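Visitor: Please take one helix-to-helix contact in this model and go through it closely. Then place it in the rest of the chain.

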Amino acid sequence: MLERFRAFLEGLAGPPESIKKGDPRVAVIALCVQVMEADGAVLAAERRKMRDIIEEQYQLDDEGLDALIEAGEAAESEAIDFYKFTAEIKRHLSEEQRIELVGMLWEIVYADGVRNEIEDHVIWRIADLLGVSGRDRVLKRQEAAAKIDAKEENDTQQED
């Protein structure tokens with residue numbers, strides 16, 4: 001499932017000059033930014049997590065990654081709601097890919113180790129607009145939380 005999502009994203013990848021209006025990658029980044037900004041503080045850990053996820057998914061060099069993030073941030077700053085981005089994503093991503101996207105958003109939320117109700121609400125709304133069920137949204141949240149717990153446990157064991 002994740003491989004098909006990755007293959008889809010790789011098919012979208014291209015040089016920075018190919019970033020155009022309606023590019024679903026820009027919509028993905030804009031949603032990531034909206035999730036990061038939901039609690040009023042964009043922390044370095046969240047920004048780093050977003051960069052890592054986007055770089056891995058789109059297999060971009062630093063220049064391409066910076067250009068894509070810049071385009072996503074610009075689009076997000078002009079948006080008044082989530083619908084513009086979720087509608088674009090629904091046109092290009094399958095249901096499985098949209099579920100994986102919700103998982104990516106949860107990973108960004110948990111990057112700072114804290115989840116709050118505002119972030120919950122933002123992801124609930126995005127997932128709803130993407131057509132992702134409540135069950136899948138919760139499962140992806142639990143998977144992201146489990147990754148953080150496993151990482152913290154691994155970090156603790158390495159310190160001992």
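Guide: Contact here means heavy atoms within 4.5 Å. The model is a predicted one, and the part chosen is the packing of helix α2 against helix α3.

By that criterion, the α2 side of the contact consists of Arg 25, Val 28, Ile 29, Cys 32, Val 33 and Met 36. Facing them in α3 are Glu 46, Arg 47, Met 50, Ile 54 and Tyr 58. Sorted by class, the α2 and α3 residues in this contact comprise eight nonpolar and three charged ones, with no polar residue.

Now the geometry. Two packed helices are described by the angle between their axes and the distance between the axes. Helix α2 covers residues 24-37 and helix α3 covers residues 44-58; their axes come within 11 Å and cross at roughly 160°. Angles over 145 degrees count as roughly antiparallel, so α2 is roughly antiparallel to α3. The handedness of the α2 and α3 crossing is right-handed.

One residue of this contact also gives a link to another helix. Ile 29, on the α2 side of the contact, has its C-alpha atom 9.9 Å from that of Ala 74, although the two residues are 45 apart along the chain. Ala 74 belongs to helix α4, residues 62-78. With a relative accessible area of 35%, Ala 74 is partly exposed, because that class lies between the 20% limit for buried and the 50% limit for exposed.

As for the setting, the protein chain has eight helices and zero strands, so the order of elements from the N terminus is α-α-α-α-α-α-α-α. Of its 160 residues, 44% are buried. Among contacts in the chain with a separation of 6 or more, 76% join residues 24 or more positions apart.

Aromatic pairing is a separate matter. Searching the whole structure gives one aromatic pair. Its members are Trp 106 and Tyr 110, in a tilted arrangement with 6.3 Å centre to centre and 40° between the planes. Both residues lie in helix α6, residues 95-110, and because they are four residues apart there, about one helical turn separates them. Trp 106 is buried, at a relative accessible area of 0%; Tyr 110 is buried too, at 10%.

To return to the chosen part: α2 and α3 are roughly antiparallel, their crossing is right-handed, and eight nonpolar and three charged residues make up their contact.

Note on methods. Residues numbered from 1 in each chain as written. Predicted model: local features only at pLDDT ≥ 70, side-chain atom pairs only at ≥ 80, totals over all residues. Heavy atoms only, no water. Axes fitted to C-alpha atoms, helices over the stretch in contact; angles between N-to-C directions. Parallel < 35°, antiparallel > 145°, perpendicular 65-115°, else oblique. Left-handed = near helix turned anticlockwise from the far one by under 90°. Nonpolar A, V, L, I, M, F, W, Y, C, P; charged D, E, K, R; others polar. Phe/Tyr/Trp six-rings, centres within 6.5 Å; stacked < 30°, edge-to-face > 60°. Buried < 20%, exposed > 50% of the residue type's maximum accessible area, 1.4 Å probe, protein only.
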